[in-house]
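Student: Could you take a close look at one part of this model for me, the place where the two chains meet, and then set it in the context of each chain and its charged pairs? I'd like one connected walk-through rather than a list.

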Amino acid sequence: MSGENILQVTDVSKTFGGVQALLKVSFSVQQGEVFGIIGPNGSGKTTLINCITGFIKMNSGKVLYKDKDISNMAPNQIANLGLTRTFQIMRPYYSLPAYKNLIVPLFSPRARKKGGWRGGGKLGDRGTVSIDILEEIGFERDSFVPYKLASSLPTGYLKRLELARCLALGPDLILCDEVFSGLSMSEIASMVPLIEKLQMDGITLVMIEHRLRELFRVASRVMVLNFGEKLTEGIPEVVMADERVKEAYLGSEKLLDYSFEA
Amino acid sequence: MDKNPGTAERRKERLDRGIKVRTEGIYAISSWQEVSYLVLPRLILIVGLLLLPFLMPSLYWNRVISIVGIYALLALGFDFLAHYVGLVSLGGSFFIGVGGYIAAILNKSFGLSPLFTIPIATLSGAIICTLLLLPALPLRGVYFAIVTLMYPLVLFRIIEALNILGGTDGILGVASFPNTWVEQYLILSIIILALFGLRRLVNEDIGLVFRGVKDNDQAVRASGLSITLYKAIAVFITSALGCLGGAYFVHIYMVAGISLFALDYSVIPIAATVIGGGGTLVGPLLGCFILVPISELLRAFGTLRIVFYSVILLAFIMFRSEGIMVYAQRKYHQFERWVKV
Ligand SMILES: Nc1ncnc2c1ncn2[C@@H]1O[C@H](COP(=O)(O)OP(=O)(O)OP(=O)(O)O)[C@@H](O)[C@H]1O
Ligand SMILES: [Mg+2]
């Protein structure tokens, strides 16, 4: 079982003061799949990512990544193992141009050991490599956009920059915290093939999303969180038919805008 | 601002000068005009600094040059740490004290000449300062500043109370430089090297990591880099500059006393950065060349000079809060025009 599981989370709990943000959440992610995490606002999705990636200390529980216990490791050590994450609240380096934002992850021990992007050998200096990554993620190569200050980029590009920062590390698993939110329909439409391409490149993805329809186009399995507890898990159609899930989402406009294409 | 009647209907537009754009890449070497656009400001700075010792009216003012140089090292370090790494340090007197005492001990107890004491004090002092500041690195903003300020106060009291390292008298009879020309030109060369070295560093890849730590330390951690490590490297660089200044100082005055821990070394570099323009590196350096001599001129007024000093500083903060060099660089690189809105 654990041979094909790239990530195995067991009984993770976290309280903030009196608030039970997570209660004994367990799930596992298989190598190569796109795994969705959904749930109403404040259900603990971001907290779960923070616990897995070491940004906050969990109260109890265990996280295995590639069969290695990473429960108490520092975020930078975890990132160097190839487990990266995006931030729901985007965190670019505003005072640097977009392409220089990527020099930072390219400077990490992991990227340096790989000698470039995804072990591509000597691909030239880091500036060139970052332009390549940005092109791959949807920045037009011959435009001025990669050279613009991150502070002047619109949301769509900042979301892509978040993903690009993960890619620069040459990751095996990316935890995406709402990469679709705040984007227009057409921007999302252009992001979906990107996600599919990452999957084809062998990268495993965990995606927190409120945009269920778009999520279900790429995710093979989803897990539902509610008030810090796991409600259910399974293929999207089955999960969304579940009465408890409908109840959790009751009154939330997010469900109203969801419908199956089938 | 200057003259902007009716801001409602028009605003100032700033555009990069054509020559600035043209000189950004390899094309800079395409004509003499462009080469001089790039080289001239640097040349004027270097030549100006190297001419200074000749222009001084008396030996007393030659000595002031060396002191300015020491403050310039502190100001460069402060500006680097504050504007490129995001750590506000009040540790100037800490670095001066540690570097100064090490150099004095090496000279008096081990008989080493300044040629050796200065480099050794710079390196070992920087290591000691960095190690002592290591626990404070996770602290943000004012808390880090407080710790950097606490150490010199503590060391001052320890030396005083235990009567070690010469106690309140200090370590006397430290070797001096061969002559005043060596003394001045060595420090001037050092600050020129430090200035251009730091300017280069902040644009290298590791410099971008430093700036990333300032902009957004969580993203740096998510990028697989230890923020503590890079903060420590930056603190090492800043304390090395400060310890170098301290070692230099004891060889100028031939004494290492508890006055090395004076608050001036922590405060004046910050004032110089405010006046010169934070984040420009060259600005704080020039700020020292303005502030320190003024402070010397005001010496005649005794303790009242603090008042004059504060007034000058206040005036700057209120009327030119961006600092001299930020203003000058903008005028040099961009032109302005009024546009109707
Ligand atoms: N640093 C914190 N300190 C205190 N409480 C927190 C902190 N972070 C999260 N919480 C609380 O934990 C709960 C879960 O928050 P979390 O951000 O994980 O939800 P989420 O599922 O990501 O929500 P959203 O869909 O709005 O992003 C919320 O009640 C929130 O108020
Ligand atoms: Mg969230």
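Tutor: Let's settle one term before anything else: a residue is called buried when its relative accessible area is under 20%, exposed when that is over 50%, and partly exposed in between. Also keep in mind that we're looking at a predicted model. By that cut-off, 48% of the 341 residues in chain B are buried, and for chain A the figure is 56% of 262 residues.

Now to the part you asked about. On the chain A side, 24 residues are in contact with chain B, and 18 residues of chain B answer them. Putting the chains together buries about 1900 Å², with carbon and sulfur atoms giving 61% of that area. If you want to know where to point the viewer, try A:N76, A:Y93 and A:F107: in chain A these lose the most area to chain B, and together they make up 28% of what that side buries.

What about polar pairing across the interface? Seven residue pairs are in polar contact there, counting pairs with both residues at pLDDT 80 or more. As for which pieces of chain A do the touching, helices α2 (75–80), α4 (103–106) and α5 (109–113) each supply at least two residues of the side that touches chain B. The largest share, four residues, comes from α2(A). Sorted by type, the chain A side divides into 14 nonpolar residues, four polar and six charged.

Charge pairing across the interface is quickly told, as the rule finds one salt bridge between chain A and chain B. The partners are A:R126 and B:D205, and their closest N and O atoms are 2.6 Å apart. In general, side chains of opposite charge can pair when their charged atoms come close.

Stepping back, here's what each partner looks like. Chain A has twelve helices and ten strands. Its radius of gyration is 18 Å, and a compact globule of 262 residues would be near 18 Å, so the two agree. Along the principal axes, the C-alpha atoms of chain A fill a box of roughly 55 × 40 × 35 Å. Take the contacts in chain A between residues at least 6 apart in sequence: 66% of them join residues at least 24 apart.

Chain B has 14 helices and four strands. Its radius of gyration is 22 Å, close to the 20 Å that the globule rule gives for 341 residues, so chain B is as compact as a globular protein of that length. The box filled by the C-alpha atoms of chain B is roughly 70 × 55 × 45 Å along the principal axes. With contacts again taken between residues at least 6 apart, 78% of those in chain B join residues at least 24 apart.

That leaves the charged pairs inside the chains. Over all chains, the structure holds 14 salt bridges, and three of the pairs within a chain are worth opening up.

Start with A:E162 and A:R165, whose side chains meet at 2.8 Å, N to O. Both sit in helix α7 (residues 155–168) of chain A, and because they are three residues apart, about one helical turn separates them. Which side of the burial cut-off are they on? A:E162 has a relative accessible area of 4%, so it counts as buried, and A:R165 is buried as well, at 4%.

Next come A:E233 and A:R221, another salt bridge, with the closest N and O atoms 2.8 Å apart. Here the pair links distant parts of the chain: A:E233 lies in strand β10 (residues 229–234) and A:R221 in strand β9 (residues 221–226), twelve residues apart. Their surroundings read differently on the accessibility scale. A:E233 is partly exposed at 30%, whereas A:R221, at 17%, falls on the buried side.

In chain B, look at B:R330 and B:E322, whose side chains form a salt bridge at 2.8 Å, N to O. B:R330 is buried, with a relative accessible area of 16%, while B:E322 is partly exposed at 25%. Back in chain A, the A:E233 and A:R221 pair has company: salt bridges that share partners join A:E33, A:R221, A:K230 and A:E233 into one network.

Definitions and conventions: Residues numbered from 1 in each chain as written. Chains lettered and ligands numbered in written order. Heavy atoms only, no water. Contact = heavy atoms within 4.5 Å. Buried area = accessible area lost by both parts, 1.4 Å probe. Salt bridge = Lys/Arg side-chain N within 4 Å of Asp/Glu carboxyl O. Polar contact = N/O pair within 3.5 Å; in protein donor to acceptor, adjacent residues only side chain to side chain. Nonpolar A, V, L, I, M, F, W, Y, C, P; charged D, E, K, R; others polar. Rg over C-alpha atoms; globule rule 2.2 N^0.38 Å. Buried < 20%, exposed > 50% of the residue type's maximum accessible area, 1.4 Å probe, protein only.
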